[in-house]
Protein chains: 2
Amino acid sequence: MPDSTTTSPAASPADAAAPRRGRGRPGYDQETVLRRAIDLFNRQGYDATSVTDLANELGLSKSAVYHHVSSKSDLLEQALDEALDSLDDALTAARTAPDASAYTRLRLAVTGSVQTLMDNLPAVTLLLRVRGNSELEEKALARRRAIDDALAQMVRDAVDEGALRADIPPELISRLLFGQVNSLTEWVRLDGRYDAARLAEAITAIAFDGLHA
Amino acid sequence: MPDSTTTSPAASPADAAAPRRGRGRPGYDQETVLRRAIDLFNRQGYDATSVTDLANELGLSKSAVYHHVSSKSDLLEQALDEALDSLDDALTAARTAPDASAYTRLRLAVTGSVQTLMDNLPAVTLLLRVRGNSELEEKALARRRAIDDALAQMVRDAVDEGALRADIPPELISRLLFGQVNSLTEWVRLDGRYDAARLAEAITAIAFDGLHA
DNA sequence: GTCTATATCCTGATAGAC
DNA sequence: GTCTATCAGGATATAGAC
């Protein structure tokens, strides 16, 4: 029953994944356990998901799960780090774009955020639902706030440059603009109906040019 | 320690609240317990909040809480019903606006949603975080889907009318537009910094006219 | 790598005294 | 209206056999 021979289709770029051995009992590798855990956390909520639930999902006993992972919160930590690292990367790329106006950098930040969100949808979805319920979650929220602050600064720069309307506070523009981006996690599916490029295009079109015909 | 003499500042319009008696042991009324519970659910997450947590928040024992409320899920149900009923009302008002174009009705739906969200912020916040983890939550999600479908239809009507751009699928417009509205629950505070009218104005300005200067 | 069995604690909920 | 005491079940996590 366990789909142990297929590696995760969207493996994290972090920690070069443990090589699949060609012999011996297949079992699970840590990466697969992590992917299944993240999916389950997103379906049921992290707190509502017990290690028993994860064991059932994997077709293992609870103790066998603890062979693969040191704790439930460790799975959460790996997922949140993956999401935050990839968002950091996207943001840094947008901020350091050469020969770009503040307006262009902001557009890059939006499209880059959408792309990152879609590339790491499960982990980012989990991140956006964290409520600061433990030390671990508090730290993740702090990193998220830093990212949000940097995005707000990019909006401010674009307003100062004269590219964006000045009748709405930049902080509010930033909240609403990236609220729209983040709301993707509430409904988007990786079934090919909408790809990242198409979504980024729609969001930038609506946000910058408006909905009017 | 319990702040039992002050009534909830934003009492629900539902079930005429139990009248505060002027004599006898003050204690809590059900409405206050509900408000404090919703706040706690929003801070920690519903599943992560135990009845013991709620008891501590109220300065009561766990059993005393059960004197006021029949179960933890009953508190959730009341909150979700409040949120869904108020959203239904706002939506119906927008849909049945007399002598209005589809475009005008859509704008009414947006401003009405923002107003409702701000008027019932804790309950609506809780609603938007429900993941379908029980029969109760599934039913709430079904009602939410019906509301989302109605909103999508309003967008479709406005596109058909020629008021909105037709190069983006109406379903996508609807998701992004109301994703922006719903993202308010992630950061907005009832501290008077932004009121509902101002937020609705900013959202409709950005969404319909765009961010360009 | 997976299992059974177990330890320890906390969960939602109830009974009954004051 | 609040309390202490208690219940049955489930939580995370560990020990040790195979």
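Start at the DNA: in B:His67, a polar side-chain atom sits 3.0 Å from a phosphate oxygen of DNA strand D. B:His68 does something similar, with a polar side-chain atom 2.8 Å from a phosphate oxygen of that strand. On chain A, a polar backbone atom of A:Val51 lies 2.9 Å from a phosphate oxygen of DNA strand D.

A word on what you're looking at. This is a predicted model, where local features need pLDDT of at least 70 and side-chain atom pairs count only at pLDDT 80 or more, while totals for chains, interfaces and linings use all residues; side-chain values use heavy atoms, with hydrogens and water left out. Residues are numbered from 1 along each chain as its sequence is written, and chains are lettered from A and ligands numbered from 1 in the order in which they are written.

Back to the DNA. There are 18 residues around DNA strand D, and A:Lys62, A:Ser63, A:Tyr66, B:Ser61 and B:Ser63 come nearest (near means that a heavy atom of the residue lies within 4 Å). Helix 3 (62–68) of chain B gives at least two residues to this surface, and so do helix 2 (51–58) and helix 3 (62–68) of chain A; helices here are DSSP runs of H or I, at least four residues, numbered from the N terminus. Helix 3 of chain B has the largest share, four residues. By class, the surface near the strand has ten polar, four nonpolar and four charged residues, with Asp, Glu, Lys and Arg counted as charged, Ala, Val, Leu, Ile, Met, Phe, Trp, Tyr, Cys and Pro as nonpolar, and the others, Gly among them, as polar. Of the strand's atoms within 4 Å of the protein, 54% belong to sugar or phosphate, and the rest to bases.

Now for the two protein chains. In chain A, 43 residues are in contact with 43 of chain B (contact: heavy atoms within 4.5 Å). The area buried between them is about 3900 Å², with carbon and sulfur atoms giving 60%; that is accessible area (1.4 Å probe) lost on putting the two parts together, summed over both. On the chain A side, A:Arg131, A:Leu176 and A:Leu211 lose the most area to chain B, together 19% of what that side buries.

A:Arg131 turns up again in a salt bridge with B:Glu186, 3.8 Å from N to O. The interface has two salt bridges (a side-chain nitrogen of Lys or Arg within 4 Å of a carboxyl oxygen of Asp or Glu). As for helices, helix 1 (30–44), helix 5 (102–119), helix 8 (170–182) and helix 9 (196–209) of chain A each give two or more residues to the side touching chain B. Helix 9 of chain A provides the largest share, nine residues.

Key
Polar contact = N/O pair within 3.5 Å; in protein donor to acceptor, adjacent residues only side chain to side chain.
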